[in-house]
Amino acid sequence: MAYYRKLFTASLRCASTWCVYGRGLVTASLARERLSKLSSAMKKNWISLSVAGAICAVPIAQVDVSHEALIKRASSLVTDSANTYLSQTTLALVDSLTQYAKAVRMLVALHRRYEASATRLTPADEEAVWQILVQQREEVSIRKEHCKRFESNWMTAINLSELAAEAAYNAGADQASVAARSSLDLAQSQVEHVRQVSLQAEKDLGEAKALESLRVEPSAVPSAADEDEEIPEAYLRED
């Protein structure tokens, strides 16, 4: 009797173990099925794009999106970035050209004043004015280098904007293409206006020869002793 009781107990334990194992198999199967459905849903609602070596996900509301629509959207983003770069480089170039023209006009004015009054100044005053003139020449050179650097950036921005406008037009993003063309025209007109001002200032600089003119010889500058020298009486005597 005791033997049959042990056998029955062992059978119950074995049945319980297989029941738990079966439940685990069912649970694992359900989990795999749910993960598969979740993965399919994510693939339908998200599209992965590689940008500059990095992976970014762009959410798409529709299940089916054509390549043409994605290219059109991307071209619009490109024109926005190109317009931002163009506006910043245009602002920098316009400001640098404006400051350069001001520095040139200041140099021309200082040079003309120096030439007109150098022979009437004392050596100390002449030295002070000449040093100011030299400093202004250096300022003009620095401003000109700034213009060259910003103009190089601006030309790059112009080329990028032209390419972005063409890409948007080819992709069917007409509104983005028109906006890019408008930004190009505005930037070019602004730069052209300021460039004409700077060219006129350079013309005045060339005519005044303020960059290559030499210092007035010290012998041409009257000293205090020369001013106090008495005029011979023979020149003061009336005939």
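Q: Is Arg 215 buried, exposed or partly exposed?
A: In this predicted model, Arg 215 is partly exposed, and its relative accessible area comes to 33%.

Q: And what does Arg 215 form a salt bridge with?
A: Its partner is Glu 127, and the closest N and O atoms of the two residues are 2.2 Å apart. Glu 127 lies in helix α3 whereas Arg 215 lies in the loop between α4 and α5, so this salt bridge ties together parts that are 88 residues apart in sequence.

Q: How accessible is Glu 127, then?
A: Glu 127 is partly exposed as well, with a relative accessible area of 31%.

Q: Which residues make up the network that Glu 127 and Arg 215 belong to?
A: Glu 126, Glu 127 and Arg 215 are joined into one network by salt bridges that share partners.

Q: How many salt bridges are there?
A: The count comes to five. In general terms, side chains of opposite charge can pair when their charged atoms come close.

Q: What about Arg 143, which residue does it form a salt bridge with?
A: Arg 143 forms a salt bridge with Glu 139, where the closest N and O atoms are 2.9 Å apart. Both residues lie in helix α3 and are separated by four residues, which is about one turn of the helix.

Q: Are those two buried or exposed, or partly exposed?
A: Arg 143 is partly exposed, at a relative accessible area of 24%, and Glu 139 also counts as partly exposed, at 28%.

Q: Which residue does Glu 151 meet in a salt bridge?
A: The side chain of Glu 151 meets that of Arg 195, with an N to O distance of 2.8 Å. Because Glu 151 lies in helix α3 and Arg 195 in helix α4, the pair ties together parts that are 44 residues apart in sequence. Glu 151 is partly exposed with a relative accessible area of 30%, and Arg 195 is likewise partly exposed, with a value of 22%.

Q: Switching to aromatics: how many aromatic pairs does a search of the whole structure find?
A: The search finds one aromatic pair. It is formed by Tyr 114 and Trp 130, whose rings are tilted, with 5.5 Å from centre to centre and 45° between the planes.

Q: Where do those two residues lie?
A: Tyr 114 belongs to helix α2, which covers residues 67-117, and Trp 130 to helix α3, which covers residues 123-171, so the pair ties together parts that are 16 residues apart in sequence.

Q: Buried or exposed, both of them?
A: Tyr 114 is buried, with a relative accessible area of 2%, and Trp 130 is buried too, with a relative accessible area of 11%. Each counts as buried because the cut-off for that label is a relative accessible area under 20%.

Q: What lies over the face of Phe 150?
A: That is Arg 149, which lies over the ring face at 5.0 Å from the ring centre.

Q: Back to helix α2 for a moment, what does Thr 90 touch?
A: Leaving aside residues up to four places away in sequence, Thr 90 touches Trp 154, Ala 187, Gln 190 and Val 191. Thr 90 is found in helix α2, and it is buried, with a relative accessible area of 3%.

Q: And where is Gln 196 found?
A: Gln 196 is found in helix α4, which runs over residues 174-208. It is partly exposed, with a relative accessible area of 43%, and its side chain is joined to that of Glu 192 by a polar contact of 2.7 Å.

Q: How far apart are Gln 196 and Leu 97?
A: They are 99 residues apart in sequence, while in space their C-alpha atoms are 9.7 Å apart.

Q: Last topic, the whole protein: how many helices and strands are there?
A: The protein has six helices and two strands, and along the sequence they follow the pattern α-β-β-α-α-α-α-α.

Q: What share of the residues is buried?
A: Of the 239 residues in the protein, 23% are buried. The accessible surface comes to about 17400 Å², and 58% of it belongs to carbon and sulfur atoms.

Q: And among contacts between residues at least 6 apart in sequence, what share joins residues at least 24 apart?
A: Of those contacts, 75% join residues at least 24 apart in sequence.

Methods
Residues numbered from 1 in each chain as written. Predicted model: local features only at pLDDT ≥ 70, side-chain atom pairs only at ≥ 80, totals over all residues. Heavy atoms only, no water. Phe/Tyr/Trp six-rings, centres within 6.5 Å; stacked < 30°, edge-to-face > 60°. Buried < 20%, exposed > 50% of the residue type's maximum accessible area, 1.4 Å probe, protein only. Lys NZ or Arg CZ within 6 Å of the ring centre and 35° of its normal. Polar contact = N/O pair within 3.5 Å; in protein donor to acceptor, adjacent residues only side chain to side chain. Contact = heavy atoms within 4.5 Å. Areas by Shrake-Rupley, 256 points an atom, 1.4 Å probe, with all protein chains shown as cover. Salt bridge = Lys/Arg side-chain N within 4 Å of Asp/Glu carboxyl O.
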